[in-house]
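Please examine the structure shown below together with its sequence. The paragraphs that follow lead through it step by step.

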Amino acid sequence: MLRCPNCNTHDLGRVGTNQFYCWGCFIELCVSEGKISSVFQVEEDGTLSSLDDLFLSGGQDSLTM
């Protein structure tokens, strides 16, 4: 089962094909081939800010679910 890489909760909702939203810490996850490929913070105005530099650092291009 998919967990949020930030707060480690299962409280995720689907917002699109291969896209999930964490209700605990307000981040959006993009999943590709069974791994988290992008992580974004949803800002107050609805824009997305990439958090890949925090979660996918060190040459890692995805997180295992």
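Trp23 is exposed, with 53% of relative accessible area. The model discussed here is a predicted one. Which residue forms an aromatic pair with Trp23? By the rule applied to rings, the count of aromatic pairs comes to one. The partners in this pair are Tyr21 and Trp23, with ring centres 4.9 Å apart and an angle of 85° between the planes, so the arrangement is edge-to-face. Both values are given because a pair of aromatic rings is described by the distance of the centres and the angle of the planes. The two partners differ in their surroundings: Tyr21 counts as buried because its relative accessibility is 14%, which is under the 20% limit, whereas Trp23 counts as exposed because its value of 53% is over 50%.

Tyr21 also leads to another aromatic residue. Leaving aside neighbours within four places in sequence, Phe26 is in contact with Tyr21, Phe40, Gln41 and Val42. Phe26 lies in the loop between E2 and E3. Is Phe26 buried, partly exposed or exposed? At a relative accessibility of 44%, Phe26 counts as partly exposed. The backbone of Phe26 deserves attention as well, for its phi is near 60°, a positive value in a residue other than glycine. From Phe26 to Cys7 the separation is 19 residues in sequence, and their C-alpha atoms are 10.0 Å apart in space.

Positive phi values occur at further positions. Asn8, which is not a glycine, has a positive phi of about 65°. This residue, Asn8, lies in the segment before E1 and is partly exposed, with a relative accessibility of 47%. Asn18 likewise takes a positive phi, near 65°, in the hairpin of E1 and E2, where two residues stand between the strands. In that hairpin, strand E1 covers residues 12–16 and strand E2 covers residues 19–22, and the two pair in the antiparallel sense over four bridges. One of the bridge partnerships joins Gly16 to Gln19 of E2.

The hairpin is one part of a longer arrangement. How many helices and strands does the protein chain contain? The secondary structure comes to one helix and six strands. Read along the sequence, these elements follow the pattern β-β-β-β-β-α-β. Strands bring a general feature with them: in a regular strand the side chains alternate between the two faces of the sheet.

The interior of the model may be considered next. The largest nonpolar core has 14 residues, and those with the most contacts inside it are Leu2, Cys4, Leu12, Cys22, Ile27, Leu29 and Val39. Two or more residues of this core come from each of E2, strand E3 (27–32) and strand E4 (35–42). Of these contributions, E3 makes the largest, with three residues.

Cys4 shows how this core connects separate parts of the sequence. Apart from neighbours within four places in sequence, Cys4 is in contact with Thr9, Leu12, Cys22, Cys25 and Ile27. Cys4 counts as buried because its relative accessibility is 1%, and Cys22 is also buried, at 0%.

The cysteines raise a further point: how many disulfides does the structure have? A search of the whole structure finds zero. For Cys4, the nearest cysteine sulfur belongs to Cys25 and is 3.5 Å away. Why is Cys22 without a bond to Cys7? The sulfur of Cys7 is the closest cysteine sulfur to that of Cys22, but the distance of 3.5 Å is too far for a bond, because a disulfide requires the two sulfur atoms to lie within 2.5 Å.

Strand E4 offers a contrasting kind of residue, Ser38. Ser38 is buried, with a relative accessible area of 16%. Beyond its neighbours within four places in sequence, Ser38 is in contact with Glu28, Leu29, Cys30, Asp52 and Leu56; one of these, Leu29, is among the core residues with the most contacts.

Finally, the chain may be viewed as a whole. Of its 65 residues, 34% count as buried. The protein chain exposes about 4200 Å², of which carbon and sulfur atoms supply 46%. Among contacts between residues at least 6 apart in sequence, 20% join residues at least 24 apart.

Methods
Residues numbered from 1 in each chain as written. Predicted model: local features only at pLDDT ≥ 70, side-chain atom pairs only at ≥ 80, totals over all residues. Heavy atoms only, no water. Pairing = 2+ DSSP bridges. Core = buried A, V, L, I, M, F, W, Y, C linked by side-chain atoms within 4.5 Å. Buried < 20%, exposed > 50% of the residue type's maximum accessible area, 1.4 Å probe, protein only. Contact = heavy atoms within 4.5 Å. Areas by Shrake-Rupley, 256 points an atom, 1.4 Å probe, with all protein chains shown as cover. Phe/Tyr/Trp six-rings, centres within 6.5 Å; stacked < 30°, edge-to-face > 60°.
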